[in-house]
Amino acid sequence: MSEELEVFFENHCYECHDDLGQEAGLDLMSIDMDLSKAASYQQWLRIYDRVADGEMPPKEQDRPGADEKVEFLGIVYAAIRKQNEAQILQDGRALARMLTDQEYENTVNNLLGIERPLAEELIPNVTSTLFANNTHEQQISQHELRRLTEVSGKALDVAFDTALKTFFAFDKKYTGKDLSSKTTAQRGAFAFGDHALAYSTNFPLMGKLPATYIPRDGWYKITMRLRALNPQPNRPLWVSLQSGVFNSRLPAGTRLATFAVEGEAKEFTTEAFLRKATVLRIIPDDSTIPQLRQWEYKPENVFKKKSTALVIEGIHTLGIEREKQAEAQEKLFGPVPVVPARGKQPHEIYFGDKKPEEVLAFLVERFAKRAFRRPASASDVQPYIDYALATYRRDRHFLSALKIGYQTVLCSPRFLYFYERSGELDSFAIANRLSYMIWGDAPDEELLSLASEGKLHDPEVRVQQLRRLLADKERSRHFFTVFVDEWLSLTDIHATTPDSFLYPEFDETLGEFMVEETRTFVEFLFRKNLSVRNVVNSHFSFLNERMSHHYGLPRLEDEKAKRFSYYPFPEDSVRGGLLTQASIAKVTANGTTTSPILRGVWLLERVLGEHVYPPSSPVAAVEPDIRGSQDIHEQLAKHRDSKACASCHRRIDPPGFALESFDPIGLFRTHYRVTGDRRGPKQGPAVNPSYQMHSGETFADIREFKNLASAKPEKLARNVSKKLISYATGAALNFSDREVLAQIIAAADDENERYLMGDLLEAVVAHRVFARK
């Protein structure tokens, strides 16, 4: 240890962190100076951050002077950066990067000219970090590779059937009588004259329609004629269309669409991929209307209650050809002619004067070069050609051999992984990085053409292409879904189900709409290039009728109420920014209670950009006691009596308490809800959202906290940039990337310190970090 470090520790640190005290498990007298060891590196990084942030030494201890602190931080900074740069030089910023499940689905569908939900058949990506594409956690097991092989085989079967066989026709119309169940035991819709009637109920699996049996996997167009019976004044009836098995042994179902139904009968249409042996289920899915309880669900009670119900006048299910035959033929066979079907015979490949082996080799080579998303040499593709040829020579079946050749390509490392070497990326790697960031799919012809000309090393060209990709709103929906969901933990929205007794307002429709509000809001910030301040403090959001009703706000005009539309909040509203959105309240709660600690950690890590280190030593968990026996402020005050806990909780607790004004389903509250009698919950202890920030500022409620947070736009901009870099490159930021962040922030800054969201995205893509591994 250098003399300067020794003096600093002697003057300011050894009193608590020597070989005898070892407060928080840290003994600075015997600290390991070898930063090549991961544990030592992390320990020194934590020391640097604590001193740089002014958390250490504690305020009650002898504090270093400004020059002394700068000297200490300079020495530690140089050591950490040297080690970090050596590690990057050896391994690159990111390790070998794989396609995520969704990227795999998009890429395979694009390659084969089909449109199938493949991701749901793969083993889900699991990561403890923000993004599923984080290379330090991606792995592939033998079991996962076997599943990839199975899924690729199924996808190829679909593609070849689409290209060579006659389309399967399915066209069924059902009247209301066809859809009605004869008894309540069938759990279907009741007969209602010539129509069927479905009510809102807590009776499990009600509303299934056995008549709508699906004979085979495929895309279907579903048209329903619906109306609401006894609709609520000035409110539509929110209806959920689902597909699944819906029996007690396998109650699996998938939400297909949600509709706002009113008193006048109208047709509602959606297209969906339906699985064989499933049926449709259509139900009022709005817990804000009166429900019939399970024991009440009999025809006579249905009409006595005069509750809002759904009238199903008829359904038309039509098989549609979403996978186009001409497109599948071009993707699979290219210039090789396909002979049209004759009678009951399928389409066939025409070899002309060429031998089948020549055509087979040509097609496998062509497919491999497309699948690898970059130029490939003859030696790169020869193993796949050889395998296909060996299969053909053994079985003498051309199409089977071609499928095998294609399948080996789809299971190869060159397809499943991104080809990125350490250091500066080549143009094709940049094209892939940009396309998968925004579209989640392989680069199109324009990007590949620019890559072949070497133009993507130019930051201006990259920004131009970014704007082009974003302009395709349908394909760029990938970015505004995956990035937003993973950044803000919306992937966990269904991880918990709110207690139906404490929070009867919640239902699955509301859960879906919560997520849609947040996605639409963040997309608007990027597309309109608004200030990053809006992340925590905006005067607007995007709501439909169900969300505005949930928040207790005036409804929008009729047509706007049925879709998510721009909603300006009243001047005195607590709403505005991510922190007040119901999706955030739900993913930071457990369905029954809220914890200021858990919410505080989430808010610091995800929005405010402050890393929270895990405790140095085991500490007892603090669970909020909403029964009223003890105030959570008091509990945490005792928790902070431990010196090992105090330094972290000074940062964690304030934002956590600010969010206590919102319950687990995002309703604003002044009191906790607690278990009452069987009639429902009752009002519990008062919520106290006030606190003092570790920097000294105080706030009384969520409004004042948002004002404090939005007053530091550079901090918010730094966090958004960190998340964008991590998502784009597949790796969390390194220590040496801190200078990169400073450069990006400077590039996106303006004289008003607004730090515009769109500018931040462009600054990330333009920076050299985007073009390096």
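**Close-up views of a predicted model**

**View 1. Helix α4 contributes D67 to the surface.** D67 is found in helix α4, in a model that is predicted rather than determined by experiment. With a relative accessibility of 68%, D67 counts as exposed, because the cut-off for that class is over 50%. D67 also belongs to a patch of negative charge on the surface, where it gathers with E3, E4, E6, E10 and E71. Two helices, α1 (3-12) and α4 (66-91), each supply at least two residues of this negative patch, and the largest share, 4 residues, comes from α1.

**View 2. Strand β13 is covered on both faces and pairs with β14.** In a regular strand the side chains alternate between the two faces of the sheet. In strand β13 (residues 540-543), F540 and F542 lie on one side while S541 and L543 lie on the other, and all of them are buried, so that both faces of the strand are covered. Strand β13 is joined by 4 bridges to strand β14 (residues 565-568), and the two run antiparallel. Within this pair, L543 of β13 stands opposite S565 in β14.

**View 3. Four strands form an open sheet.** The open sheet has 4 strands in the order β4-β9-β6-β7, and their pairing is antiparallel. Its edge strands are β4 (208-209) and β7 (253-261), each of which pairs on one side only. Strand β6 (residues 237-244) is joined to β7 by 8 bridges, with the two strands running antiparallel, and V239 stands opposite F259 in β7.

**View 4. N234 has a positive phi in the loop before β6.** N234 is found in the loop between β5 (218-229) and β6, and its phi is near 60°, a positive value in a residue other than glycine. The relative accessibility of N234 is 65%, and N234 therefore counts as exposed.

**View 5. R396 has a positive phi in a loop between two helices.** R396 is found in the loop that lies between α11 (378-395) and α12 (398-410). The phi of R396 is near 60°, which is again a positive value in a residue other than glycine. R396 has a relative accessibility of 51%, and because the class of exposed residues begins at values over 50%, R396 counts as exposed.

Note on methods. Residues are numbered from 1 along each chain as its sequence is written. This is a predicted model: local features need pLDDT of at least 70, side-chain atom pairs count only at pLDDT 80 or more; totals for chains, interfaces and linings use all residues. Side-chain values use heavy atoms; hydrogens and water are left out. Buried means under 20% relative accessible area, exposed over 50%, partly exposed in between (1.4 Å probe, protein chains only). Two strands pair if DSSP finds at least two bridges between them. Patches are made of residues with over 30% relative accessible area and no salt bridge: like charges are joined within 9 Å, nonpolar side chains (Val, Leu, Ile, Met, Phe, Trp, Tyr) within 5 Å. Accessible areas come from the Shrake-Rupley method with a 1.4 Å probe; for residues, only the protein chains shown count as cover. A salt bridge is a side-chain nitrogen of Lys or Arg within 4 Å of a carboxyl oxygen of Asp or Glu. Lys and Arg count as positive and Asp and Glu as negative; His and the chain ends are not counted. The place of a charge is taken as NZ of Lys, CZ of Arg, CG of Asp or CD of Glu.
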